[in-house]
Amino acid sequence: MRRADRLFQIIHALRGRRTALPARQLAELLEVSLRTVYRDVADLQRSGVPIEGEAGVGYVLRKGADVPPLMFRPEELEALVVGARFARAFAGTRLAAGAATAMRKIEAVLPENLRERADRTRIFAPVFEDRHQADFARIIDCLHAAIDARQALQLCYRNLAEQPSARVVEPLCLAFWGGKWTLGAWCRMRGDFRNFRLDRISVIDDAGECFEDDPARGLQAYLAAVRRRPHAPG
């Protein structure tokens with residue numbers, strides 16, 4: 001667990017308690033040592049979080065000085081819920097896990113009326129647990145990682161005429177067009193930006209090199225090119 005997540009969990013565990021929570025119980029909950037709990041609580045106290053208590057006794061949030069809950073308007077909360085559902089359904093395992101964790105943290109500190117509103121949201125993105133979905137999630141994760149690492153890729157790609165070609169590309173971004181995913185990239189064969197539909201990529205290989213962040217063929221230049229010609233094929 002990251003330290004930032006651990007500090008959040010400590011505050012959440014203390015919210016609304018009338019009796020002190022022993023440090024040993026916190027340690028078991030967080031799966032860390034007592035020493036780590038003592039250090040984390042001391043850091044929270046120094047940063048202004050109103051925690052009272054001491055090692056060997058337990059901790060409580062000072063009465064009347066609770067940490068205020070996150071306050072969202074209903075439409076803001078619904079947008080977060082819908083976005084998390086779509087990430088889980090369409091954005092690969094990495095972002096799906098992140099979306100689920102983020103929603104758990106948000107729901108943990110929501111007032112009861114807003115938590116019920118989140119449960120009532122009627123926009124869904126069903127997840128089908130089949131081999132095709134799992135394979136596609138791995139493709140998204142692979143491309144996402146390559147974009148983060150500025151890793152050049154070699155693709156086997158079929159165009160709309162079903163003609164195959166081998167491309168070495170510098171991946172810049174992923175885009176979801178309400179039905180199809182595309183990879184936005186600098187194509188070295190074309191010497192220009194191209195959009196590659198993921199369902200037309202048959203092979204993705206590491207090209208064995210990282211590319212430099214060149215403004216002339218980077219993300220901002222790609223986005224400007226997309227605004228000029230949004231459907232540039234691969």
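Is phenylalanine 90 buried, partly exposed or exposed? At 30% relative accessibility, phenylalanine 90 counts as partly exposed, because that label covers everything between under 20% (buried) and over 50% (exposed). Keep in mind that this is a predicted model. The chain splits into domain 1 (3-61), domain 2 (74-120) and domain 3 (131-228), and the briefing below walks through its aromatic contacts, its salt bridges and a couple of backbone oddities.

**Domains and record annotations**

- The C-alpha centres of domain 1 and domain 3 sit 45 Å apart.
- UniProt, in an unreviewed entry, puts a "domain: Helix-turn-helix type" feature at residues 6-59. That span is 56% helix and 11% strand, with 15 Å between its end C-alpha atoms.
- UniProt also lists "domain: WYL" at residues 140-202, again from an unreviewed entry. Here the chain is 16% helix and 57% strand, and the end C-alpha atoms are 13 Å apart.

**Aromatic pairs and the cluster**

- Searching the whole structure turns up 6 aromatic pairs. One of them is phenylalanine 90 with phenylalanine 176, a stacked pair at 5.1 Å centre to centre with 20 degrees between the planes.
- Phenylalanine 90 belongs to helix 4 and phenylalanine 176 to strand 4 (residues 164-176), so this pair ties together parts that are 86 residues apart in sequence.
- Phenylalanine 176 counts as partly exposed, at 36% relative accessibility.
- Then there's tyrosine 157 with phenylalanine 196, an edge-to-face pair: 5.0 Å centre to centre and 90 degrees between the planes. Tyrosine 157 is in strand 3 (residues 151-158) and phenylalanine 196 in strand 6 (residues 192-197), so to speak a link between distant parts of the chain, 39 residues apart.
- Both partners of that edge-to-face pair are tucked away: tyrosine 157 counts as buried at 5% relative accessibility, and phenylalanine 196 counts as buried at 0%.
- Phe86, Phe90, Phe176 and Trp181 make up one aromatic cluster.

**A nonpolar patch on the surface**

- Phe86 and Phe176 turn up again here: with Ile123 they form a nonpolar surface patch that has about 250 Å² of accessible area together.
- Phenylalanine 86 is part of helix 4 (residues 74-90). Its relative accessibility is 33%, so phenylalanine 86 counts as partly exposed.
- Why is Phe90 missing from a patch that includes Phe86 and Phe176? Patch members need over 30% relative accessible area, and phenylalanine 90 comes in at 30%.

**Salt bridges**

- The structure holds 14 salt bridges. As a reminder, side chains of opposite charge can pair when their charged atoms come close.
- Aspartate 43 and arginine 46 meet in one at 2.3 Å, N to O. Both lie in helix 3, 3 residues apart, or about one turn of the helix.
- Aspartate 43 is partly exposed with a relative accessible area of 23%, whereas arginine 46 is exposed at 63%.
- Arginine 158 bridges to glutamate 162, with 2.5 Å between the closest N and O atoms. Arginine 158 is partly exposed, at 27% relative accessible area.
- Arginine 188 pairs with glutamate 170 at 3.1 Å, N to O. Arginine 188 lies in the loop between strand 5 (181-187) and strand 6, and glutamate 170 lies in strand 4, so the pair ties together parts that are 18 residues apart in sequence.
- Arginine 188 is partly exposed with 33% relative accessible area, while glutamate 170 is buried with 2%.
- Glu170 and Arg188 also belong to something wider: salt bridges with shared partners join Glu170, Arg188, Glu209, Asp214 and Arg217 into one network.

**Backbone oddities**

- Most residues other than glycine have a negative phi, which is the reason to flag the next two.
- Glutamate 31 isn't a glycine, yet has a positive phi of about 60 degrees. Glutamate 31 sits in the loop between helix 2 (23-30) and helix 3 (34-46), and counts as exposed at 72% relative accessibility.
- Glutamate 162, the salt-bridge partner of arginine 158, has a positive phi of about 65 degrees although it isn't a glycine. Glutamate 162 is found in the loop between strand 3 and strand 4, and counts as partly exposed at 44% relative accessibility.

How values were computed. Residues numbered from 1 in each chain as written. Predicted model: local features only at pLDDT ≥ 70, side-chain atom pairs only at ≥ 80, totals over all residues. Heavy atoms only, no water. Patch = residues over 30% accessible without salt bridge, like charges linked within 9 Å, V, L, I, M, F, W, Y side chains within 5 Å. Areas by Shrake-Rupley, 256 points an atom, 1.4 Å probe, with all protein chains shown as cover. Salt bridge = Lys/Arg side-chain N within 4 Å of Asp/Glu carboxyl O. Helix = DSSP H or I, 4+ residues; strand = E, 2+ residues; numbered from the N terminus. Buried < 20%, exposed > 50% of the residue type's maximum accessible area, 1.4 Å probe, protein only. Phe/Tyr/Trp six-rings, centres within 6.5 Å; stacked < 30°, edge-to-face > 60°. UniProt positions renumbered as here; feature names shortened; annotations may be inferred. Domains from an automatic or database assignment.
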